[in-house]
Amino acid sequence: MLRGGYALGGKGSGIVRRDADMEAALRRAFSGGVTQVLVEESLEGWKEIEYEVVRDARGQLRDGMQHGEF
């Protein structure tokens with residue numbers, strides 16, 4: 001699985017099943033403006049819960065939860 005680093009919501013992410021598809025997946029990931037792509041093991045069929053917390057310019061906490069299935 002390729003995943004754009006620092007990309008909220010998984011923008012540019014995708015599962016690459018064959019080596020031949022790697023270049024197209026990398027182009028997709030980098031086209032979103034990311035400068036880092038993570039290569040991870042796919043957990044297809046599992047469910048994901050991701051919780052992110054960030055601070056805004058005033059130092060206030062902003063949070064959000066994302067759910068997804070692979």
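## A predicted chain and its salt bridges

Glu44 has a relative accessible area of 46%, which makes this residue partly exposed; that class lies between buried (under 20%) and exposed (over 50%), judged with a 1.4 Å probe on protein chains only. Let us start from there and look around the rest of the chain.

The model is a predicted one, so local features are described only at a pLDDT of at least 70 and side-chain atom pairs only at 80 or more, while totals for chains, interfaces and linings take in all residues. Numbering runs from 1 along each chain as its sequence is written, and side-chain values rest on heavy atoms, without hydrogens or water.

**Overall layout**

The protein chain holds 1 helix and 4 strands, where helices (H or I, at least four residues) and strands (E, at least two) are DSSP runs numbered from the N terminus. Their order along the sequence is β-α-β-β-β. Confidence is given as pLDDT, the predictor's own score for each residue from 0 to 100. Its mean over the protein chain is 77, with 80% of residues at 70 or more. Helix H1 (residues 22-31) has the highest mean, 85, and strand E4 (residues 61-69) the lowest, 61.

Contacts are heavy atoms within 4.5 Å. Among those in the protein chain with a separation of 6 or more, 39% join residues 24 or more positions apart. Buried residues make up 16% of the 70 in the protein chain. About 5,700 Å² of the protein chain is exposed, 51% of it supplied by carbon and sulfur atoms; areas are computed by the Shrake-Rupley method with a 1.4 Å probe, and for residues only the protein chains shown count as cover.

**Salt bridges**

A salt bridge here is a side-chain nitrogen of Lys or Arg within 4 Å of a carboxyl oxygen of Asp or Glu. The count by this rule is 3.

| Pair | Closest N to O distance |
|---|---|
| Arg17 and Glu44 | 2.6 Å |
| Arg18 and Asp21 | 3.1 Å |
| Glu23 and Arg27 | 2.7 Å |

What does the bridge between Arg17 and Glu44 tie together? Arg17 sits in the loop between strand E1 (2-4) and H1, and Glu44 in the loop between strand E2 (37-39) and strand E3 (47-55), so this pair ties together parts that are 27 residues apart in sequence. Arg17 is exposed at 59% relative accessibility.

In the second pair, Arg18 is exposed at 53%, whereas Asp21 is partly exposed at 30%. Glu23 and Arg27 are both in helix H1, 4 residues apart, or about one turn of the helix. Arg27 is exposed, with a relative accessible area of 58%.

**Core and surface**

A nonpolar core is a set of buried Ala, Val, Leu, Ile, Met, Phe, Trp, Tyr and Cys residues joined through side-chain atoms within 4.5 Å. The largest has 6 residues: Leu2, Val16, Ala25, Ala29, Val34 and Val37. Within that group, Ala25 is in contact with Leu2 and Val16, setting aside neighbours within four places in sequence.

On the surface, Tyr51, Val53 and Leu61 form a nonpolar patch of about 310 Å². Patches consist of residues with over 30% relative accessible area and no salt bridge, with like charges joined within 9 Å and nonpolar side chains (Val, Leu, Ile, Met, Phe, Trp, Tyr) within 5 Å. Leu61 belongs to strand E4 and is exposed at 54% relative accessible area.

Finally, Gly33 lies in the loop between H1 and E2 and is exposed at 58% relative accessibility. Gly33 and Gly4 are 29 residues apart in sequence, with their C-alpha atoms 9.0 Å apart in space.
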